[in-house]
Amino acid sequence: MAAPQRHPKYWFLDGNIVFQADSTLFHLHKGVLFVHSPTLENIFALPSGVENDGEDEDHPIFLPGISGEEFDHFMSWLYHVSGALPHDQNLPSLVAILKVSHLWQIKNSIAWAIAHLNQLELSAVHKLELARKYTIPQWIAPAVRSLTLASLSAIDEDETLVLGVRVYSIIARAREVMEMELCTIAAVPPGLSLPPSPACNNSHHVHCKDVWTCFWWQKVARQLLHPYNPLAISALVEYVSQQTNPDGLNLECKARFIGQVVESGGLEVEENIIYGAITAVQAYFETL
């Protein structure tokens, strides 16, 4: 194994604590660290049980699980000039800063990293992975919602491994229940049991129901059951309202048919399923 090497930038001659990440040594200032992390200050106030721990390069404090490159990225944030930003704000750099900051509970750098990660186009799977590793609860609900509304085929094998069996099974079960609900809604045009509207009559209402049934199966059901881009249940009323009124369908009857979708609670089904998946993932993450 190669001998540890001093970092060319973060080996300060006036430093007073030495860390080692991989084979790289960092000579840093306790004061700079403690300003950002009271937790770290409390930790170092306790005896480590190791003689001369961190006092020189022969007795560095090892950082298991943190690479030299990751710690380098964190240093770029820790020692950036006031008012300026670290030069690297790419994904590996931001995740490294988040990782070390989470370990040492440095709130301002955690917030900074999350804010800049939000500006990147991260996938829902990646956001869930980071939310699980580094306790970012505000990312869970949007990510789970996105995955639940998408087809399971959109999650590739690598992403399935990242999600893990538990989270993937929650998403898959929610998707299954939602598809069953979609099939049920698509199969049964709403409002067929309603009496005619005041602007219609019994004889014409039979025709209204026939026209509505054909419209529902030919237009709405196809969109609800589309294999690649299904119509969200929550968008159902808006979609139907925007369609050209079928010939022979009384407008007031159509409005009552649409109203039946709302009154039946069918539009809430999707949200209830998503909410259940979100709470299940949140509960699982809290056990980790």
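Two strands are said to pair if DSSP finds at least two bridges between them, and strand 1 (residues 5–11) and strand 3 meet that description in the parallel sense, over three bridges. The structure discussed here is a predicted model. The points below follow strands 2 and 3 with their partners, and then turn to the contact between helix 9 and helix 11.

**Strand pairing**

- Strand 2 is joined to strand 3 (residues 24–28) by five bridges, and the two strands run antiparallel.
- Within this antiparallel arrangement, A21 stands opposite T24 of strand 3, while V18 has H27 of strand 3 as its bridge partner.
- Strands 2 and 3 form a hairpin with two residues between them, and D22, which lies in the turn, has a positive phi of about 55 degrees.
- Strand 2 is also joined to strand 4 (residues 61–62), here by two bridges and in a parallel direction, with Q20 standing opposite F62 of strand 4.
- On the side of strand 1, which pairs with strand 3 in the parallel sense, R6 has L25 of strand 3 as its bridge partner.

**Burial of strands 2 and 3**

- In a regular strand the side chains alternate between the two faces of the sheet.
- Strand 2 (residues 17–21) is mostly covered, with five of its five residues buried; I17, F19 and A21 point one way from the strand, V18 and Q20 point the other way, and all are buried.
- Strand 3 is largely enclosed by the rest of the structure, because five of its five residues are buried.
- Both faces of strand 3 are covered, since T24, F26 and L28 on one side are buried, as are L25 and H27 on the other.

**Helix 9 and helix 11**

- Two packed helices are described by the angle between their axes and the distance between the axes.
- The axes of helix 9 (residues 202–224) and helix 11 (residues 251–263) come within 10 Å and cross at roughly 55 degrees, and the two helices are therefore oblique to each other.
- The crossing in which helix 9 passes helix 11 is right-handed.
- Helix 9 contributes H205, C208, K209, W212 and W216 to this contact, and helix 11 contributes C253, K254, F257, I258 and V261.
- The residues of the contact between helix 9 and helix 11 comprise seven nonpolar, one polar and two charged.

Note on methods. Residues numbered from 1 in each chain as written. Predicted model: local features only at pLDDT ≥ 70, side-chain atom pairs only at ≥ 80, totals over all residues. Heavy atoms only, no water. Axes fitted to C-alpha atoms, helices over the stretch in contact; angles between N-to-C directions. Helix = DSSP H or I, 4+ residues; strand = E, 2+ residues; numbered from the N terminus. Parallel < 35°, antiparallel > 145°, perpendicular 65-115°, else oblique. Left-handed = near helix turned anticlockwise from the far one by under 90°. Contact = heavy atoms within 4.5 Å. Nonpolar A, V, L, I, M, F, W, Y, C, P; charged D, E, K, R; others polar. Buried < 20%, exposed > 50% of the residue type's maximum accessible area, 1.4 Å probe, protein only.
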